[in-house]
Amino acid sequence: MANREALRELQTRLASRLQAAKAEGSNVSSWLAVETAGQRYLLPLGHSGEIFPWTGVQAVPYTHAWFLGVANLRGALMGVVDLGGLIGMQIHRTEQALADSSLLAVNPALGVNAALMVDKLLGLRGTDAFVSSEAPGEGAPEYFGSRYADAQGAQWQELNLQAMSQSPVFLGIGV
């Protein structure tokens, strides 16, 4: 129950910050910042949907390990994808780590009923939060955008959820 309250509070804060930024005419945040498997990612706000606490996921046989199964999220049946596993990281989570994670629904406008499991929600970020950027490396997945560095030296990878949701890897859940 505490997780649900914390998520509601986070969503309320994010919504009020967006409204305040629009009213002030300041640089509106472009991304939702998340962390999974120790890596930091920037997800476009326009591609992101509602945030949910970890919920029971019904496993689906004969699928890749990164496809965790399906969950009923506010009356919609959604496939749940472990973001770190999809990107190719070896992940072994404890029950407590799963309970502390969040599900981020992909915006319904993208045409997929999917949610991404992430370890931590790190708030909103705009381009002003970073000191440098570079193009994705050679051989990076087609849905990788620019790579950013913040003033503390932390690296952030931008992910294009629209391109990810249409990629053959994402759509090919079966083994």
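This note sets out numbered points on a predicted model of a protein.

1. Overall make-up. The protein has 175 residues, of which 41% count as buried. Its secondary structure comes to five helices and eleven strands. Among contacts in the protein with a separation of 6 or more, 59% are between residues 24 or more positions apart. The accessible surface comes to about 9400 Å², and carbon and sulfur atoms account for 51% of that surface.

2. The largest pocket. This pocket has a volume of about 240 Å³. Twelve residues line the largest pocket, and the closest to its centre are Arg-4, Ile-51, Phe-52, Pro-53 and Arg-74. Helix or strand elements that give two or more residues to the lining are α1 (2–24), β3 (48–53) and β4 (67–73). Sorted by class, the lining has five nonpolar, three polar and four charged residues.

3. Arg-74. This residue, one of those closest to the centre of the largest pocket, is placed in the loop between β4 and β5 (76–82). Arg-74 has a relative accessible area of 66%, over the 50% cut-off, and is therefore exposed. Its phi is near 55°, a positive value in a residue other than glycine.

4. Tyr-62. A second residue to inspect for its backbone is Tyr-62, with phi near 65°, again a positive value in a residue other than glycine. Most residues other than glycine have a negative phi. Tyr-62 lies in the loop between β3 and β4, and at 72% relative accessibility it counts as exposed.

5. Glu-35 in strand β1. Is Glu-35 buried or exposed? Its relative accessible area is 16%, which is under the 20% cut-off, so Glu-35 is buried. The residue lies in strand β1 (residues 31–36). Leaving aside residues up to four places away in sequence, Glu-35 touches Arg-40, Val-118, Asp-119, Lys-120 and Leu-122.

6. Gly-38 after strand β1. Gly-38 is found in the loop between β1 and β2 (39–44). Its relative accessibility is 55%, and Gly-38 counts as exposed, whereas Glu-35 is buried. From C-alpha to C-alpha, Gly-38 and Met-89 are 9.9 Å apart in space, with their positions 51 residues apart in sequence.

7. Trp-31 and Tyr-148. The count of aromatic pairs comes to five. In one of them, the ring centres of Trp-31 and Tyr-148 are 5.1 Å apart and the planes stand at 55°, so the pair is tilted. Why does this pair tie together parts that are 117 residues apart in sequence? Trp-31 lies in strand β1, whereas Tyr-148 lies in strand β10 (residues 144–150), so the pair ties those parts together. Both residues are buried: Trp-31 has a relative accessibility of 5%, and Tyr-148 has 13%.

8. Tyr-143 and Phe-144. The rings of Tyr-143 and Phe-144 also pair, with their centres 5.7 Å apart. Their planes are at 65°, over the cut-off of 60 degrees, so this pair is edge-to-face. Tyr-143 counts as buried at 4% relative accessibility, and Phe-144 is buried as well, with a relative accessible area of 18%.

9. The aromatic cluster. Which residues do ring pairs link into a cluster? They are Trp-31, Phe-130, Tyr-148 and Trp-156. Two of these members, Trp-31 in strand β1 and Tyr-148 in strand β10, form the tilted pair described under point 7.

Definitions and conventions:
Residues are numbered from 1 along each chain as its sequence is written. This is a predicted model: local features need pLDDT of at least 70, side-chain atom pairs count only at pLDDT 80 or more; totals for chains, interfaces and linings use all residues. Side-chain values use heavy atoms; hydrogens and water are left out. On a 1 Å grid over the protein atoms alone, a cavity is a set of points where a 1.4 Å probe fits but cannot get out, and a pocket is an open set with protein on both sides within 12 Å along at least five of seven lines; lining residues have an atom within 4 Å of a point. Grid points are joined across faces, edges and corners, and a volume is the space filled by probe spheres set on the points. Helices (H or I, at least four residues) and strands (E, at least two) are DSSP runs, numbered from the N terminus. Ala, Val, Leu, Ile, Met, Phe, Trp, Tyr, Cys and Pro count as nonpolar, Asp, Glu, Lys and Arg as charged, and the others, Gly among them, as polar. Buried means under 20% relative accessible area, exposed over 50%, partly exposed in between (1.4 Å probe, protein chains only). Contact means heavy atoms within 4.5 Å. Accessible areas come from the Shrake-Rupley method with a 1.4 Å probe; for residues, only the protein chains shown count as cover. Rings of Phe, Tyr and Trp (its six-membered ring) pair if their centres lie within 6.5 Å; planes under 30 degrees apart count as stacked, over 60 as edge-to-face and the rest as tilted.
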